[in-house]
Amino acid sequence: FPSMDVNDSSNNNQSLFDSIVNDKHLWDMWTVVNLPTVSWAAIWDALPTLLALTLFSLIHVPINIPAFALSTDTEADMNNELMAHGFSNIIAGMFGGLQNYMAYTQSVLYDRSGGAGKVS
């Protein structure tokens, strides 16, 4: 993993983002899959579950965000929320990460316990 030390001379004046993206090992996950060896029958069997999870992921934002806004007396811009969730899920998918999910109960607990801002 690239050094995060700003005084490290091995970075060659690259930004942290550039050094991460240019790391040759970051892209190794895309070379692991050998398509002729994929069990397409297993994928076909898992397809209903994959579709159900996709649909669940699509409806959780329009349900949870307005509920959270009502619980906390705040305004929610659904266009911004949907765009943010979409972009974060695309980026997470490109790098092999997990999807973004708004956990309603954790968000309400965070708000009621005095959490303020995105950083905290």
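This report describes the helices of a predicted protein model, their packing, and three individual residues.

## Overall make-up

The protein chain has four helices and zero strands. Read from the N terminus, the order of elements is α-α-α-α. The chain holds 120 residues, and 12% of them count as buried.

The accessible surface of the chain comes to about 9,700 Å². Carbon and sulfur atoms account for 65% of that surface. Contacts across the sequence can also be sorted by separation. Taking contacts between residues at least 6 apart in sequence, 47% join residues at least 24 apart.

## Helix 2 against helix 4

Two packed helices are described by the angle between their axes and the distance between the axes. Helix 2 covers residues 40-72, and helix 4 covers residues 104-112. Their axes come within 10 Å and cross at roughly 25°. Angles under 35 degrees count as roughly parallel, so helix 2 and helix 4 are roughly parallel to each other. The crossing of helix 2 past helix 4 is right-handed.

Helix 2 brings Asn 64, Ala 67, Phe 68, Ser 71 and Thr 72 to this contact. Helix 4 brings Tyr 104, Ser 107, Val 108, Asp 111 and Arg 112. By class, the residues of the contact of helix 2 with helix 4 are four nonpolar, four polar and two charged.

## Helix 2 against helix 3

Helix 3 spans residues 78-94. Helix 2 and helix 3 pack at an angle of about 135°, and their axes are 10 Å apart. That angle makes helix 2 oblique to helix 3. The crossing of helix 2 and helix 3 is right-handed.

On helix 2, the contact uses His 60, Val 61, Pro 62, Ile 65 and Pro 66. On helix 3, the contact uses Met 78, Glu 81, Leu 82 and His 85. The contact of helix 2 with helix 3 has six nonpolar, two polar and one charged residues.

## The two histidines

His 60 lies in helix 2, and His 85 lies in helix 3. Each takes part in the contact between these helices. The cut-off for buried is under 20% relative accessible area. His 60 has a relative accessible area of 5%, so His 60 is buried. His 85 stands at 9% relative accessibility and therefore also counts as buried.

Now leave aside neighbours within four places in sequence. His 60 is then in contact with Ile 65, His 85, Asn 100, Tyr 101 and Met 102. With the matching exclusion of residues up to four places away in sequence, His 85 touches His 60, Val 61, Ile 65, Asn 100 and Met 102. The two histidines thus touch each other. Ile 65, Asn 100 and Met 102 appear in both sets of contacts.

## Asp 73 in the loop

Asp 73 is found in the loop between helix 2 and helix 3. The cut-off for exposed is over 50% relative accessible area. Asp 73 has a relative accessible area of 73%, so Asp 73 is exposed.

The backbone of this residue also deserves a look. Most residues other than glycine have a negative phi. Phi of Asp 73 is near 55°, a positive value in a residue other than glycine.

Terms used. Residues are numbered from 1 along each chain as its sequence is written. This is a predicted model: local features need pLDDT of at least 70, side-chain atom pairs count only at pLDDT 80 or more; totals for chains, interfaces and linings use all residues. Side-chain values use heavy atoms; hydrogens and water are left out. Axes are lines fitted to C-alpha atoms, for helices over the stretch in contact, and angles run from 0 to 180 degrees between N-to-C directions. Angles under 35 degrees count as roughly parallel, over 145 as roughly antiparallel, 65 to 115 as roughly perpendicular and the rest as oblique. A crossing is left-handed if the near helix is turned anticlockwise from the far one by less than a right angle, and right-handed if clockwise. Contact means heavy atoms within 4.5 Å. Ala, Val, Leu, Ile, Met, Phe, Trp, Tyr, Cys and Pro count as nonpolar, Asp, Glu, Lys and Arg as charged, and the others, Gly among them, as polar. Buried means under 20% relative accessible area, exposed over 50%, partly exposed in between (1.4 Å probe, protein chains only). Accessible areas come from the Shrake-Rupley method with a 1.4 Å probe; for residues, only the protein chains shown count as cover.
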